[in-house]
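Subject: Structure handover and what was found in it

Dear colleague,

I am handing over a structure that I would like you to look through at your own pace, with the sequence beside it. My notes on what was found follow below it.

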Amino acid sequence: MEHYVIATVAEQSSDFRRVLWTGKHTQLVIMTVPAGGEIGAEIHHVDQILTFVSGVGKAIIGGETRTVQQGDLVIVPAGVQHNFVNDGPNPLVLHTVYGPPEHADGAVHKTKEEGDALEEAGLDNPPA
């Protein structure tokens with residue numbers, strides 16, 4: 001059995017992205033977006049559910065913008081452009097579930113730049 005006190009695990013990670021668990025149909029990832037940072041506008045071919053643990057920011061999904069903060073949950077359907085921007089003074093911490101998996105099993109990206117480089121190089125692909 002996998003068991004996490006997810007808010008605590010997410011808060012303790014300073015990594016931009018860390019895959020905690022990968023199953024056949026879903027994947028659990030924690031993320032920390034530094035103050036002034038963003039995830040970056042992107043479109044996935046998978047569904048994504050994000051829950052915010054701490055910090056404040058903006059969710060931009062399909063051209064609509066909303067403020068997000070601790071306790072908020074946001075759904076991003078597959079094929080919809082989205083971005084999450086940290087516009088607060090502290091890290092924006094969240095956990096997200098992808099269905100199906102979006103990243104390599106066990107992936108750890110210390111920074112957004114590292115994650116982007118690995119994706120562009122084809123080294124951050126989900127398991128087949």
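The structure, which is a predicted model, holds one aromatic pair. F52 and F84 form this pair, with 5.8 Å from centre to centre and 45° between the planes, and the arrangement is tilted. The pair links distant parts of the chain, since F52 belongs to strand β3 and F84 to strand β7 (residues 82-86), with the two positions 32 residues apart. Both F52 and F84 are buried. If the two numbers for the pair look unfamiliar, a pair of aromatic rings is described by the distance of the centres and the angle of the planes.

It may help to take the two partners one at a time. F52 lies in strand β3, and it counts as buried because its relative accessible area is 1%, where the cut-off for buried is under 20%. Leaving out residues up to four places away in sequence, F52 touches V68, Q69, Q70, G71, D72, V74, F84, L92, V93 and L94. One of these, L94, is also the bridge partner of F52 in β8. By contrast, the C-alpha atoms of F52 and E102, which are 50 residues apart along the chain, are separated by 19 Å. F84, with its neighbours within four places in sequence left aside, is in contact with G37, E38, I39, L50, F52, K58, A59, I61, V74 and V76.

Which residues of the largest nonpolar core touch the most other members? Of the 20 residues in that core, they are I39, F52 and F84, so that both rings of the aromatic pair appear again here. The strands β2 (27-33), β3 (47-54), β4 (56-61), β6 (73-76) and β8 (92-99) each supply at least two residues of this core.

The strands themselves are best followed sheet by sheet. Strands of a sheet pair through backbone hydrogen bonds, either parallel or antiparallel. One open sheet has six strands in the order β6-β3-β8-β2-β1-β9, with antiparallel pairing. Its edge strands are β6 and β9 (108-109), each of which pairs on one side only. Within this sheet, β8 pairs with β3 over seven bridges in the antiparallel sense, and with β2, again antiparallel, over seven bridges. On the β2 side, I30 has H95 in β8 as its bridge partner. β8 is mostly covered, as six of its eight residues are buried. Further along the sheet, strand β1 (residues 17-22) and β9 run antiparallel and are joined by two bridges, with H109 in β9 as the bridge partner of R17.

Q48 deserves a look of its own, and you might ask whether it is buried or exposed. Q48 is found in strand β3 and is buried, because its relative accessible area is 2%, again set against the cut-off of under 20%. The side chains of Q48 and T96 are joined by a polar contact of 3.2 Å. Not counting residues up to four places away in sequence, Q48 touches V74, I75, V76, H82, T96, V97 and Y98.

The other open sheet to look at has three strands in the order β5-β4-β7, also with antiparallel pairing. β5 (64-69) and β7 stand at its edges, each with a single partner strand, so one side of each is left without a neighbour in the sheet. On average, and with direction ignored, neighbouring strands of this sheet are turned by 20° against each other. β4 is joined to β5 by six bridges and to β7 by five bridges, running antiparallel to β5 and to β7. A59 in particular stands opposite R66 in β5 and has F84 as its bridge partner in β7, while I61 stands opposite H82 in β7. β4 and β5 form a hairpin with two residues between them, and G62 in the turn has a positive phi of about 55°.

Finally, please compare the two faces of β4, where G57, A59 and I61 make up the covered face and V56, K58 and I60 the uncovered one. As background for that comparison, in a regular strand the side chains alternate between the two faces of the sheet.

With best wishes

Key:
Residues are numbered from 1 along each chain as its sequence is written. This is a predicted model: local features need pLDDT of at least 70, side-chain atom pairs count only at pLDDT 80 or more; totals for chains, interfaces and linings use all residues. Side-chain values use heavy atoms; hydrogens and water are left out. A nonpolar core is a set of buried Ala, Val, Leu, Ile, Met, Phe, Trp, Tyr and Cys residues joined through side-chain atoms within 4.5 Å. Buried means under 20% relative accessible area, exposed over 50%, partly exposed in between (1.4 Å probe, protein chains only). Helices (H or I, at least four residues) and strands (E, at least two) are DSSP runs, numbered from the N terminus. Contact means heavy atoms within 4.5 Å. A polar contact is a pair of N or O atoms within 3.5 Å; within protein, one must be able to donate a hydrogen and the other to accept it, and residues adjacent in sequence count only if both atoms are side-chain atoms. Two strands pair if DSSP finds at least two bridges between them. Rings of Phe, Tyr and Trp (its six-membered ring) pair if their centres lie within 6.5 Å; planes under 30 degrees apart count as stacked, over 60 as edge-to-face and the rest as tilted. Axes are lines fitted to C-alpha atoms, for helices over the stretch in contact, and angles run from 0 to 180 degrees between N-to-C directions.
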